[in-house]
Amino acid sequence: MNLRAHVLLTALMLTSPLMAAPLESGKIPPVASITAGTWLKGDLHLHSRHSKDSTNNPLSKIIGFAQNAGFDYLAITDHDNHVQGDVMHHTWADPEFKSKSVILLHGAEWTTERGHGNIFSAGPYDHQRLFDVRDDRDVKIIAVKKALGVHLSANHPSGKDHFGFSYDLVDSIEVWNSAVWPKNAAAIMIWDDMLKSGRKLTGRGGSDSHHGVPDTPAETSLHSIESTANYVGTPTTWVFAKARSAQSVIDALTNGRVSVSANPNDPRVELYADLNQDGLMDMMMGDNANAPSNPVTFVVRLVGGGIPGASYHVRVVKNGDAFGAYDTNPSTNSVSFTDIPAATARTYYRVEVDGPQTPYPQVPNSMALSGNMVALSNPIYFNFDPDF
Ligand SMILES: [Zn+2]
Ligand SMILES: [Zn+2]
């Protein structure tokens with residue numbers, strides 16, 4: 001690049017927060033197949049009796065509930081500080097930590113003075129090492145995380161116990177914590193800020209439920225009422241996994257092929273893009289591509305569940321700002337929109353879906369807490385630097 005072009009580019013970079021130097025062609029890897037895989041539903045933030053602030057919630061109750069409700073995977077994430085980091089000899093060693101039909105991730109809630117994060121792993125790992133560096137500098141924590149090869153996710157990033165570490169540590173962020181949707185507004189704002197900064201950061205859900213339904217009236221605790229309002233699947237996180245395995249769940253989570261629904265009976269939102277105007281979809285949420293020079297058609301699909309015949313309201317967010325709002329066609333449960341992403345800047349598009357809440361009789365009081373918020377997608381990205 002000559003000096004004049006370089007100066008011009010530098011000036012452009014200073015005037016727009018999302019302006020990035022054009023990426024070398026071929027730097028962004030090709031998009032993976034958008035059809036070879038399977039949608040799996042689960043909950044990525046659950047506390048069992050191995051957390052001291054949990055009541056009436058043995059692993060068998062959580063896993064049995066998930067099996068009956070048809071969930072595909074769970075991450076039981078007990079507070080590591082309640083067992084001094086020794087998750088291996090508590091949650092994972094519990095004879096009830098097993099299921100024939102539900103994939104159980106290994107993990108814990110990394111519970112530190114500077115905030116909480118969930119660890120997800122396809123198998124056992126040395127959690128004690130992460131616990132032991134919890135008060136160290138970020139650079140040391142990153143090194144341990146990399147050595148362990150685990151996925152770290154920022155929990156409930158705003159408010160009490162907000163995530164006070166660098167977002168360079170994390171692979172995803174909990175943008176939807178518990179059935180109480182309205183309290184997540186600040187988390188969504190933080191997510192958009194991180195996305196605008198060039199991070200390709202997956203948004204996920206987690207019920208953070210602690211309390212099970214008491215087996216007898218005598219076991220009722222002050223918190224037992226919560227079990228009727230917030231339990232497995234409020235919200236439900238969907239991942240498009242290459243295979244039905246723990247590693248594929250985590251890979252999909254890392255890659256952002258993820259959407260979140262208020263409960264498992266609500267529709268799943270899927271966001272696709274047609275890059276070359278041939279009517280066929282070329283990429284889905286979580287995917288990153290070089291921006292084409294022609295208009296891109298986006299398709300939002302609501303799949304499964306939901307209220308038959310209902311119209312849902314889709315809000316499109318582009319680079320953190322409202323881009324448009326559209327009602328789905330009740331006969332196809334889909335809607336499309338078109339835009340031209342900037343040629344040399346980063347651009348992302350994500351959607352949020354409002355509408356009638358589908359009943360979830362197993363957690364009957366969750367509907368009212370979620371209000372009209374039905375689902376959200378991860379972004380489709382253009383010109384994001386894969387080496388950020
Ligand atoms: Zn927490
Ligand atoms: Zn928690």
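**Notes on the predicted model: zinc pair, ring pairs and helix α4**

1. Let's start at His-106. Leaving aside its neighbours within four places in sequence, His-106 is in contact with Trp-92, Phe-97, Ile-119, Phe-120, Ser-121, Ala-122, Gly-123, Pro-124 and Tyr-125. The residue belongs to strand β3, and with a relative accessible area of 14% His-106 counts as buried. Bear in mind throughout that this is a predicted model.

2. Strand β3 also carries Glu-109, so that is a natural bridge to the metals. Which residue coordinates both zinc ions? Glu-109 does, and the two ions, ligand 2 and ligand 1, are 3.5 Å apart. Glu-109 itself is buried, at 1% relative accessibility.

3. Now the zinc ion (ligand 2) by itself. Its protein donors are His-45 through NE2, His-47 through NE2, Glu-109 through OE and Asp-208 through OD, and they lie 2.1 to 2.2 Å from the ion. What is the arrangement of the four donor atoms around this ion? The angles they subtend run from 80 to 170°, which makes the arrangement irregular. If you had tetrahedral in mind, that label needs all angles between 85 and 135 degrees. Water is not among the atoms, so sites may look incomplete.

4. In sequence, the donor residues of the zinc ion (ligand 2) follow the spacing H-x1-H-x61-E-x98-D. One pair here links distant parts of the chain: His-47 is in the loop between β1 (38–46) and α2 (59–68), Glu-109 is in strand β3, and 62 residues separate them. His-47 is buried, with a relative accessible area of 0%.

5. On to the zinc ion (ligand 1). What are its protein donors? They are Glu-109 (OE), His-116 (ND1) and His-156 (NE2), lying 2.0 to 2.2 Å from the ion. Their spacing along the sequence is E-x6-H-x39-H. His-156 sits in the loop between β5 and β6 (172–177) while Glu-109 is in strand β3, so the pair ties together parts that are 47 residues apart in sequence. His-156 counts as buried too, with a relative accessible area of 15%.

6. Helix α4 (residues 138–148) is worth a look down its axis. Buried there are Asp-138, Ile-141, Val-144, Lys-145 and Leu-148. Why do these residues line one face of the helix? Seen down the axis of α4, the buried residues fall within an arc of 125°, so they line one face. The general rule behind such a pattern is that an α-helix has 3.6 residues a turn, so residues three or four places apart point the same way.

7. What do the buried residues of α4 pack against? Their partners are β3 (103–112), α3 (127–132) and β5 (151–154). That brings back β3, the strand of His-106. On the other side of α4, Val-139, Lys-146 and Ala-147 are exposed. The helix is followed by Gly-149, whose phi is positive, near 70°.

8. Next, the rings. How many aromatic pairs does the structure hold? There are 16. In one of them, Tyr-348 and Phe-384 have ring centres 6.5 Å apart and planes at 75°, so the pair is edge-to-face. This pair links distant parts of the chain, with Tyr-348 in strand β17 (residues 347–354) and Phe-384 in the segment after β19 (380–382), 36 residues apart. Tyr-348 is buried, at 1% relative accessibility, and Phe-384 is buried with a relative accessible area of 1%.

9. Tyr-349 and Phe-382 form another edge-to-face pair, at 6.1 Å centre to centre and 85° between the planes. Here Tyr-349 is in strand β17 and Phe-382 in strand β19, 33 residues apart, which again links distant parts of the chain. Tyr-349 and Phe-382 are buried. Ring pairs link these two with Phe-298, Phe-323, Tyr-326 and Phe-337 into a cluster.

10. Finally, a couple of charge-over-ring placements to look up in the viewer. The charged end of Arg-134 sits over the ring of Phe-131, 3.8 Å from the ring centre. Arg-301 lies over the face of Tyr-272, at 4.6 Å from the centre of that ring.

Notes:
Residues are numbered from 1 along each chain as its sequence is written. Chains are lettered from A and ligands numbered from 1 in the order in which they are written. This is a predicted model: local features need pLDDT of at least 70, side-chain atom pairs count only at pLDDT 80 or more; totals for chains, interfaces and linings use all residues. Side-chain values use heavy atoms; hydrogens and water are left out. Rings of Phe, Tyr and Trp (its six-membered ring) pair if their centres lie within 6.5 Å; planes under 30 degrees apart count as stacked, over 60 as edge-to-face and the rest as tilted. Helices (H or I, at least four residues) and strands (E, at least two) are DSSP runs, numbered from the N terminus. Buried means under 20% relative accessible area, exposed over 50%, partly exposed in between (1.4 Å probe, protein chains only). A charge sits over a ring if NZ of Lys or CZ of Arg is within 6 Å of the ring centre and within 35 degrees of the ring normal. The arc is that of the directions from the helix axis to the C-beta atoms. Contact means heavy atoms within 4.5 Å. Donors are N, O and S atoms within 2.8 Å of the metal (3.2 Å for Na, K and Ca); water is not among the atoms, so sites may look incomplete. Four donors count as tetrahedral if all angles lie between 85 and 135 degrees; four count as square planar and six as octahedral if opposite donors are over 155 degrees apart and all others between 65 and 115; anything else is irregular.
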